[in-house]
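The following note sets out numbered points for a colleague's consideration. Each point takes up one feature and may be checked against the coordinates.

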Amino acid sequence: MSKRRRAVPDRVRVALALCGAGVLIGVAVAPAQAAEVSYATHCVPPAGVGLDPVDGTTEVEITAPATAEVGDEVEVVWKFVQAASKNPDLIDIGENQVKPSGTLKAAGAQSAAVPMEGPQENPPIPKGGDMVLSDMKGTLKLTTAGEVTLTPDAYTVTAYGTDTKCTPSEAVPAAATIKVEAGDGSSPTTSDEPTDSASPTPSASDEPSESASSTPSATASDSGQTDFTGKVVDIPYTCKSPIGEQKATSTIQINAKKDGGNFALTVQFKKSPMNSPANIPKDSIKPSMQVVLGGADEGSVRVEGPTNAEDIKAGDPIEITDMTGTYKPGATGESTLSPGVLTIEALGTTTTCTPDSTSVSLKLDTTAQEGGASGGSSAGGSSTGGGTSGGLAATGSEDHAALKALGLVAGTAVLLGAAVFTFMPGRRRV
């Protein structure tokens with residue numbers, strides 16, 4: 001006998017629907033929140049470019065979860081609604097040449113400085129156009145229950161290998177608040193372990209560096225060997241150009257090829273190139289160096305490189321060509337060769353880079369030659385030898401820009417610095 005289905009009253013249906021909604025709400029992920037703040041900002045252009053600090057208004061939007069639990073690692077997004085600057089009517093900034101980084105302050109239930117970084121992505125920015133900076137992201141590990149406030153702080157704009165540093169010049173209001181609930185307490189313990197285990201990694205990575213520095217440089221002998229490869233060394237320089245002074249570190253290697261009692265030298269810059277801040281015509285950049293002799297010999301050997309064979313467009317790599325010259329020994333024994341004073345002639349100006357300290361790249365067993373270098377300089381240098389391998393060291397948070405002085409030559413860094421941050425009165429939010 002079939003049972004008759006009883007109709008469900010409307011009020012019951014409504015109650016069930018509400019209960020179901022309550023269940024769904026109970027398991028839903030906490031929504032993200034976004035809030036904008038604006039604050040007065042003091043920006044300092046790159047050192048040595050001859051520009052005064054500028055003041056403007058930064059407006060940012062901070063996005064973060066509204067609620068979370070202790071042990072959660074949350075992502076925070078910093079969006080530039082308005083930067084404190086515009087591109088002046090000097091040069092166009094090419095596509096994907098600007099990279100922002102900064103710090104977000106966490107306060108309240110826990111305090112932390114959250115590193116923020118954005119990709120090197122931007123549309124072409126024409127003369128007079130507003131600066132366009134990519135969104136920065138960072139992560140925060142929540143450790144304490146309560147309310148955690150998020151406040152934007154200082155940031156840096158990196159373009160064409162130079163940094164413009166911007167700091168708040170007034171108290172900045174909090175942009176977002178995360179309500180942190182107590183968790184089971186297991187996450188923080190687990191998350192700390194990778195950090196501890198990661199600590200030995202730098203030590204391990206340092207070991208190859210130490211072993212590399214202790215590896216003897218190539219030494220010529222009477223075995224019939226004619227080609228000798230030097231050790232790659234990092235040389236800190238102070239570079240002086242017509243418009244300023246710049247510290248820089250270059251990675252250099254000196255190689256030699258024996259020719260009778262003499263040696264044909266090749267000096268190479270080993271790291272990735274930086275980008276040109278402006279258009280540079282061909283035959284405009286010419287490098288030369290005094291290679292310092294030591295050990296049995298003394299004095300120096302001049303090496304030269306050819307000028308750039310092609311035009312260098314703004315945003316394209318600048319490379320220092322291989323420099324070559326002839327070393328005629330002035331003493332018998334073990335002689336050492338180290339990078340010395342570097343000179344860059346470009347666009348009618350001269351930049352001179354003097355080592356703050358130097359390191360031996362190559363050791364050679366030498367036999368004194370008539371008219372050799374001991375106590376003086378060994379002329380040589382070739383404007384035709386060498387290729388284009390090597391170049392200026394890359395810029396970034398991990399390394400000094402090798403020979404940033406090229407960016408200073410003939411005022412290109414003045415244009416560059418001005419392009420990165422020139423005062424633009426910003427609207428203040430009320």
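1. In this predicted model, the side chain of Gln 268 makes a polar contact with the side chain of Asp 322, at 3.2 Å. Gln 268 belongs to strand 15, which covers residues 262-269. Is Gln 268 buried or exposed? Its relative accessible area is 12%, which is under the 20% limit, so Gln 268 counts as buried. The polar contact with Asp 322 is thus made by a residue that is itself buried.

2. As to the overall make-up, the protein has five helices and 26 strands. Of its 430 residues, 41% are buried. The exposed surface comes to about 21,000 Å², and carbon and sulfur atoms supply 51% of that area. Among contacts between residues at least 6 apart in sequence, 73% join residues at least 24 apart.

3. A search of the whole structure finds two disulfides. One of them joins Cys 43 and Cys 166, with the sulfur atoms 2.3 Å apart. The angle about the S-S bond is 115°, and the link of Cys 43 and Cys 166 is right-handed. Which parts of the chain does this pair tie together? Cys 43 lies in strand 1 (residues 32-44) and Cys 166 in strand 10 (residues 162-168), so the disulfide connects parts that are 123 residues apart in sequence. Both Cys 43 and Cys 166 are buried.

4. The other disulfide is formed by Cys 239 and Cys 353, whose sulfur atoms are 2.1 Å apart. This link is right-handed, with 115° about the S-S bond. It connects distant parts of the chain: Cys 239 is in strand 13 (residues 233-241) and Cys 353 in strand 23 (residues 349-355), 114 residues apart. Cys 239 is buried, as is Cys 353. With the bonded cysteines of the protein numbered in sequence order, the pairing reads 1-2, 3-4.

5. The strands that carry Cys 239 and Cys 353 are also paired with each other: strand 13 and strand 23 run antiparallel and are joined by four bridges. Within this pairing, Lys 240 has Thr 352 of strand 23 as its bridge partner. Strand 23 is joined as well to strand 22 (residues 342-346), by five bridges and in the antiparallel sense. There, Ile 344 stands opposite Thr 351 of strand 23.

6. Strand 21 (residues 333-338) likewise has pairings that can be followed residue by residue. Strand 17 (residues 285-295) runs antiparallel to strand 21, and four bridges join them; the bridge partner of Val 292 in strand 21 is Ser 338. Strand 21 also pairs with strand 24 (residues 362-366), again antiparallel, over five bridges. In that pairing, Ser 335 is matched with Leu 364 of strand 24.

7. The largest nonpolar core has 39 residues. Which residues have the most contacts inside it? They are Ile 62, Trp 78, Leu 104, Leu 140, Leu 150, Tyr 155 and Ile 178. At least two residues of this core come from each of strand 1, strand 2 (54-65), strand 4 (73-82), strand 6 (98-108), strand 7 (112-117), strand 8 (136-141), strand 9 (146-159) and strand 11 (176-181). Strand 9 gives the most, with five residues.

8. Leu 150 shows how this core is built up around one position. With neighbours within four places in sequence left aside, its contacts include Ala 64, Val 76, Leu 104, Ala 106, Leu 140 and Ile 178. Lys 105 is also in contact with Leu 150, as are Ala 174, Ala 175 and Ala 176. Apart from the largest core lies another, of 32 residues, which includes Phe 269, Ile 280, Val 291 and Tyr 327.

9. Two residues deserve attention for their backbone angles. Most residues other than glycine have a negative phi. Asn 96, which is not a glycine, has a positive phi of about 55°. Asn 96 is located in the loop between strand 5 (85-86) and strand 6, and is partly exposed at 32% relative accessibility. Asp 283 also has a positive phi, near 60°. Asp 283 sits in the loop between strand 16 (274-275) and strand 17, and its relative accessible area of 51% is over the 50% limit, so Asp 283 counts as exposed.

Definitions and conventions: Residues are numbered from 1 along each chain as its sequence is written. This is a predicted model: local features need pLDDT of at least 70, side-chain atom pairs count only at pLDDT 80 or more; totals for chains, interfaces and linings use all residues. Side-chain values use heavy atoms; hydrogens and water are left out. A disulfide is a pair of cysteine sulfur atoms within 2.5 Å. Buried means under 20% relative accessible area, exposed over 50%, partly exposed in between (1.4 Å probe, protein chains only). Two strands pair if DSSP finds at least two bridges between them. A polar contact is a pair of N or O atoms within 3.5 Å; within protein, one must be able to donate a hydrogen and the other to accept it, and residues adjacent in sequence count only if both atoms are side-chain atoms. A nonpolar core is a set of buried Ala, Val, Leu, Ile, Met, Phe, Trp, Tyr and Cys residues joined through side-chain atoms within 4.5 Å. Contact means heavy atoms within 4.5 Å. Accessible areas come from the Shrake-Rupley method with a 1.4 Å probe; for residues, only the protein chains shown count as cover.
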